[in-house]
Amino acid sequence: MKKLTVFAVLFATPFALLAGEPIDRTLDADPEGSVNMSLVRGAVKVKGWDRPNVQVEGTLDDQTRELVFERDGNEIILKVKLEDGSSRGKESKLTVNIPVGSRLDASSVSADFQIACIEGAIDIQSISGYMVLSALGSGVEVKNVSGDVSVESATDQIKISSVSGDISINSDAS
């Protein structure tokens, strides 16, 4: 019985160490690849930069069960998975730097997004949370059930839908 207990503790420890912990990880990325991001709740700042990698830093939700941060071909996958039934506690606060030409696909239940300086296509879906997007290229699609969406300095091809939330767009299209 003692061996089984030790075995269970050893394998449970890595997940427990993730909850609420600071994170700073980087993966090489295709400069024109895609970044697929998924989290339940929190605050996420995503910014395009001129490096061929994706960097995630900040603090994970204190109910984090698993962090998936991996490369699959030309796609970077970032998922913060929570313990089942998690509804309280400190949320993730992340800053994610991605290659400026990357496509961004992001989804959440209740997260706030600030997204800037991305020239690739963007597709964001959220049930609740505010979104602030600025200095974007073409091909932006935002679906937010309940939350405000603000877009600044976008070019064209912006599609935004919201069931109950304010939408404001300041486009610099010429």
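## Briefing: strands, core, salt bridges and surface

K143 stands opposite S161, a residue of β12. This is a predicted model, so read what follows with that in mind. K143 makes a handy way in, since K143 is also the bridge partner of Q125, with K143 sitting in β10. From there we'll go through the parallel strands, the nonpolar core, a loop contact, two positive phi angles, the salt bridges and a surface patch.

**Parallel strands around β10**

- β10 pairs with strand β12 (residues 158-164) in the parallel sense, over six bridges.
- Strand β8 (residues 122-128) also runs parallel to β10, and six bridges join the two.
- To find these pairings in the model, look for Q125 and K143 on the β8 and β10 side, then for K143 and S161 where β10 meets β12.

**The nonpolar core**

- In general terms, nonpolar side chains tend to be buried together in soluble globular proteins.
- Here the largest nonpolar core has 35 residues, and the members that touch the most others are M37, V46, V96, L104, F113, I115 and L133.
- Strand β7 (residues 103-118) is the top contributor to this core, giving six residues.
- V46 is worth a closer look: setting aside neighbours within four places in sequence, V46 is in contact with M37, V96, I98, L104, Q114, I115, A116 and I118.
- Among those contacts of V46 are M37, V96, L104 and I115, which also appear in the list of core members touching the most others.

**V100 and its loop**

- V100 sits in the loop between β6 (92-99) and β7.
- Its C-alpha atom is 4.1 Å from that of G48, although V100 and G48 are 52 residues apart along the chain.
- Beyond four places in sequence, V100 is in contact with G48, W49, C117, I118, E119 and G120.
- V100 has a relative accessible area of 27%, so V100 counts as partly exposed.

**Two positive phi angles outside glycine**

- C117, one of the contacts of V100, has a phi near 60°, a positive value in a residue that isn't glycine.
- C117 belongs to strand β7, and with 28% relative accessibility C117 is partly exposed.
- A135 isn't a glycine either, yet A135 has a positive phi of about 50°.
- You'll find A135 in strand β9 (residues 131-136), where A135 is partly exposed at 36% relative accessibility.

**Salt bridges**

- Side chains of opposite charge can pair when their charged atoms come close.
- The structure holds five salt bridges.
- One of them joins R41 and D61, with the closest N and O atoms 2.5 Å apart.
- That pair links distant parts of the chain, 20 residues apart: R41 is in strand β2 (residues 34-49), while D61 is in the loop between β3 (53-59) and β4 (64-72).
- Both R41 and D61 are buried, which means that each has under 20% relative accessible area.
- R65, E66 and K81 are linked in a network of salt bridges.
- Within that network, E66 and R65 meet through their side chains at 3.8 Å, N to O.
- The other contact of E66 here is with K81, the closest N and O atoms being 3.9 Å apart.
- K81 and E66 link distant parts of the chain: K81 lies in strand β5 (residues 75-82) and E66 in strand β4, 15 residues apart.
- The network members are partly exposed, with relative accessible areas of 25% for E66, 31% for R65 and 29% for K81.

**A nonpolar surface patch**

- V40, V109, I127, V145 and V163 make a nonpolar surface patch of about 420 Å².
- V145 of this patch lies in strand β10 (residues 140-146), the strand that pairs in parallel with β8 and with β12.
- V145 is partly exposed because its relative accessibility is 40%, and partly exposed covers the range between buried, under 20%, and exposed, over 50%.

How values were computed:
Residues numbered from 1 in each chain as written. Predicted model: local features only at pLDDT ≥ 70, side-chain atom pairs only at ≥ 80, totals over all residues. Heavy atoms only, no water. Patch = residues over 30% accessible without salt bridge, like charges linked within 9 Å, V, L, I, M, F, W, Y side chains within 5 Å. Areas by Shrake-Rupley, 256 points an atom, 1.4 Å probe, with all protein chains shown as cover. Salt bridge = Lys/Arg side-chain N within 4 Å of Asp/Glu carboxyl O. Helix = DSSP H or I, 4+ residues; strand = E, 2+ residues; numbered from the N terminus. Buried < 20%, exposed > 50% of the residue type's maximum accessible area, 1.4 Å probe, protein only. Core = buried A, V, L, I, M, F, W, Y, C linked by side-chain atoms within 4.5 Å. Contact = heavy atoms within 4.5 Å. Pairing = 2+ DSSP bridges.
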